[in-house]
Amino acid sequence: MSYEAHFKVWRGDADGGSLVDYTVTVNEGEVVLDIIHRLQATEAADLAVRWNCKAGKCGSCSAEINGRPRLMCMTRMSLLDPAEPVVVTPMRAFPVVRDLVTDVSFNYAKAREVPSFVPPAGVGPGEYRMQQEDVGRSQEFRKCIECFLCQDTCHVVRDHEENKPVFAGPRFLMRVAELDMHPLDGAAEAGIDRKRAAQEEHGLGYCNITKCCTEVCPEHIKITDNALIPLKERAVDRKYDPLVWLGSRIRRRA
Ligand code: SF4
Ligand code: SF4
Ligand code: FES
């Protein structure tokens, strides 16, 4: 069954813009991205939108639908009230390029600040052995599709541009946590202190575990419970447990 929906889509660029009203046909089974494509095909050929897979896997079509960060390709029209306008706006935490397309390069810069996995000394590729429990733990984080909806929703940067230089955001604090939990990561031996960096370089202390990032993650990764809280616990243990502190000093000196 088809119906006519009222869409309000943000149109503009870095210099400013506004919501533009459209009346557009919706067919059974369609998602918000289908409607945006129909607008492009009918009444707004120059509407800018980023997308790729239309299957919730490339992480490109992130936007805000009725104020909530979501993937447009995974938001079914049947979830939305047909009597109410559907408001589609670009992600608020990032600068607008045009219409629904934002500049997400902040995230790539933050990704580069996290030192990658350090292969353990004396163990060759193919010789790595890990407990299944450890494999499972990091596999949850590896489901990330880099849609940056968690980054967009986190209040630390959403309305506070000034925090961006000192806060990596949930996606990249999760990356630090993943590496810090990795039983084969040789960062400490290579002089890289991931827990200290989490606190002092990536802004772990700004996170007050509100779980908003977890709520919007389309991969249902428990970012707060399984990455951020354990990372906070490990960083605090290191700082306040005298034995752990002494051990780290001795290791550093050695
Ligand atoms: S739990 Fe932390 S990282 Fe996640 S949204 Fe809240 S403050 Fe941001
Ligand atoms: S953790 Fe979830 S919300 Fe954040 S970038 Fe990855 S998939 Fe997107
Ligand atoms: S188009 Fe790939 S996640 Fe939506």
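Which residue stands opposite threonine 89 in β5? In this predicted model, the residue in question is glutamate 64, and the pairing to which it belongs is described below together with the other features of the protein.

The protein contains ten helices and seven strands. Its C-alpha trace spans about 70 × 40 × 25 Å along the principal axes. Of the 254 residues, 32% are buried. Among contacts between residues at least 6 apart in sequence, 63% join residues that are at least 24 apart.

The domain assignment divides the protein into domain 1, residues 3-102, and domain 2, residues 105-253. The C-alpha centres of domain 1 and domain 2 are separated by 32 Å. Contact between the domains involves twelve residues of domain 1 and 13 residues of domain 2. On the side of domain 1 that touches domain 2, seven residues are nonpolar, three are polar and two are charged.

Within domain 1, strand β5 comprises residues 86-89 and pairs with two other strands. With strand β1, residues 3-13, the pairing is parallel and runs over three bridges; here lysine 8 stands opposite valine 87 of β5. With strand β3, residues 62-65, the pairing is antiparallel and rests on two bridges, and glutamate 64 is placed opposite threonine 89. The side chains of β5 alternate along the strand. Val86 and Val88 point to one face and are buried, whereas Val87 and Thr89 point to the other face and are not buried. Both residues of β5 named in the pairings, valine 87 and threonine 89, thus belong to the face that is not buried.

Several loop positions were also examined. Alanine 14 lies in the loop between β1 and β2, the latter formed by residues 16-26. Because alanine 14 has 10 C-beta neighbours inside 10 Å, it counts as exposed. Apart from neighbours within four places in sequence, alanine 14 is in contact with Pro95 and Val96. Alanine 14 and valine 96 are 82 residues apart in sequence, yet their C-alpha atoms are 5.4 Å apart in space.

Two further loop residues have a positive phi although neither is a glycine. For lysine 54, phi is about 55 degrees. Lysine 54 is located in the loop between α1, residues 32-42, and β3, and it counts as partly exposed because it has 17 C-beta neighbours inside 10 Å. For aspartate 99, phi is near 50 degrees. Aspartate 99 is found in the loop that links β6, residues 96-98, to β7, residues 101-102. Because 24 other C-beta atoms lie within 10 Å of aspartate 99, this residue is buried.

In domain 2, helix α2 spans residues 105-112, and its buried residues are Phe106, Asn107 and Lys110. Seen down the axis of α2, these buried residues fall within an arc of 95 degrees and therefore line one face of the helix. An α-helix has 3.6 residues a turn, so residues three or four places apart point the same way. The face of α2 turned away from the buried side carries Ser105, Tyr108, Ala109 and Arg112, which are exposed. The cover over the buried residues of α2 includes α4, residues 149-153, and α6, residues 170-181.

The surroundings of two ligands were also characterised. Around ligand 1 are found Cys154, Val156, Pro170, Cys207, Asn208, Ile209, Thr210, Lys211, Cys212, Cys213, Thr224 and Leu228. The elements that contribute two or more residues to this shell are α8, residues 212-216, and α9, residues 223-240. By class, the shell around ligand 1 consists of eight nonpolar residues, three polar residues and one charged residue.

Ligand 2 is surrounded by 14 residues, of which Cys144, Cys147, Leu149, Cys150 and Cys217 come nearest. The shell around ligand 2 comprises eleven nonpolar and three charged residues, with no polar residues.

How values were computed: Residues are numbered from 1 along each chain as its sequence is written. Chains are lettered from A and ligands numbered from 1 in the order in which they are written. This is a predicted model: local features need pLDDT of at least 70, side-chain atom pairs count only at pLDDT 80 or more; totals for chains, interfaces and linings use all residues. A residue is buried if 20 or more other C-beta atoms lie within 10 Å of its own, exposed if 12 or fewer, and partly exposed in between; C-beta atoms are placed from the backbone. Helices (H or I, at least four residues) and strands (E, at least two) are DSSP runs, numbered from the N terminus. The arc is that of the directions from the helix axis to the C-beta atoms. Two residues are in contact if their C-beta atoms, placed from the backbone, lie within 7 Å. A residue is near a molecule or strand if its C-beta atom, placed from the backbone, lies within 6 Å of it. Ala, Val, Leu, Ile, Met, Phe, Trp, Tyr, Cys and Pro count as nonpolar, Asp, Glu, Lys and Arg as charged, and the others, Gly among them, as polar. Two strands pair if DSSP finds at least two bridges between them. Domain bounds come from an automatic or database domain assignment.
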